[in-house]
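Here's a quick tour of the side-chain contacts in this one, with aromatic rings up front and charged pairs after that. Have the structure open and follow along.

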Amino acid sequence: VLLSFAVAAVAAPVCSKKVNSFDFVVDYSGSMMMKNDKMKQDKIEVAKIALKRVNAAIPALDFKGGLHTIAPNGTVIEQGPMDSGINTLRSGFATFGRMTNMGDGLQTYEPFLSSMERSAALILVTDGDNNRGMDLVEVARQVYATQRNMVIHVISLADTPQGEATVKAIAGMNPASVLVRAEDLATSDAEVERFVLAVFCQEETVIVLRGV
């Protein structure tokens, strides 16, 4: 039920599942085609590395997972068994005319959220920029108001004060929400392990076996 990639990542922990379904929601706007200063790659490429590493560390349980893009909106993988998708995300699009209407995109995506099996995790991958249409933070509040037993987690690529404020505001709406930098997930096994345990595993004693 998980995306399969030959990537080096932390071993998946053995645990009881915290959610029944999850969806990666990837910001596909023009700003995500710009360079990430730390990793010297387009932000969308850093996002792909982070997602591959997270996916490889998700416990082998019967999660229903999917992958969508917003701004512009598109379905890469519907909820259900999946074995590919992240690599289909492309970079190198011209930023001109590819507006960052993230709020509108998330609102358009909301009817799909209603079909997700509960409990559910929405994993938003974004730099937080929103220069057109509805305010992304307000739309996230609407999601919480209409979608029960769903938590929004944020994998951040924010590199502007506005973007930083946006991702922090969304993560601050729910005490169970996890906010993590994409660069950290792309480079640190410990951060991947922490994120996966927090999002996908019940709070319990978990023993992670390394080098076995």
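Two rings of Phe, Tyr or Trp count as a pair here if their centres lie within 6.5 Å. Keep in mind that this is a predicted model. On that rule there are six aromatic pairs, and the salt bridges come to 12.

**Aromatic rings**

- Take Phe22 and Phe24: their ring centres sit 5.3 Å apart with the planes at 70°, so this pair is edge-to-face. The cut-off for that label is over 60 degrees.
- Both partners, Phe22 and Phe24, are buried.
- Which residues join Phe22 and Phe24 in one aromatic cluster? Those are Phe63 and Phe200.

**Asp159 and Lys43**

- Side chains of opposite charge can pair when their charged atoms come close.
- Asp159 and Lys43 do this through a salt bridge, at 3.2 Å from N to O.
- Asp159 is in the loop between strand E7 (150-156) and helix H4 (161-171), while Lys43 belongs to helix H1 (residues 43-57), so the bridge ties together parts that are 116 residues apart in sequence.
- Buried or partly exposed? Lys43 is buried, at a relative accessible area of 1%, whereas Asp159 is partly exposed at 44%.
- There's a network here too: salt bridges link Lys43, Asp127 and Asp159.

**Arg53 and Asp189**

- Helix H1 turns up again in the salt bridge between Arg53 and Asp189, where the N to O distance is 2.8 Å.
- This pair links distant parts of the chain, with Arg53 in helix H1 and Asp189 in helix H6 (residues 189-200), 136 residues apart.
- Arg53 has a relative accessible area of 9%, so it counts as buried, the cut-off being under 20%. Asp189, at 40%, is partly exposed.

**Arg141 and Glu138**

- How far apart are the closest N and O atoms in the salt bridge of Arg141 with Glu138? They are 2.4 Å apart.
- This one stays inside a single element: Arg141 and Glu138 are both in helix H3 (residues 136-146). They sit three residues apart, which is about one turn of the helix.
- Arg141 is partly exposed at 42% relative accessibility, and Glu138 is partly exposed as well, at 39%.

Note on methods:
Residues are numbered from 1 along each chain as its sequence is written. This is a predicted model: local features need pLDDT of at least 70, side-chain atom pairs count only at pLDDT 80 or more; totals for chains, interfaces and linings use all residues. Side-chain values use heavy atoms; hydrogens and water are left out. Rings of Phe, Tyr and Trp (its six-membered ring) pair if their centres lie within 6.5 Å; planes under 30 degrees apart count as stacked, over 60 as edge-to-face and the rest as tilted. Buried means under 20% relative accessible area, exposed over 50%, partly exposed in between (1.4 Å probe, protein chains only). A salt bridge is a side-chain nitrogen of Lys or Arg within 4 Å of a carboxyl oxygen of Asp or Glu. Helices (H or I, at least four residues) and strands (E, at least two) are DSSP runs, numbered from the N terminus.
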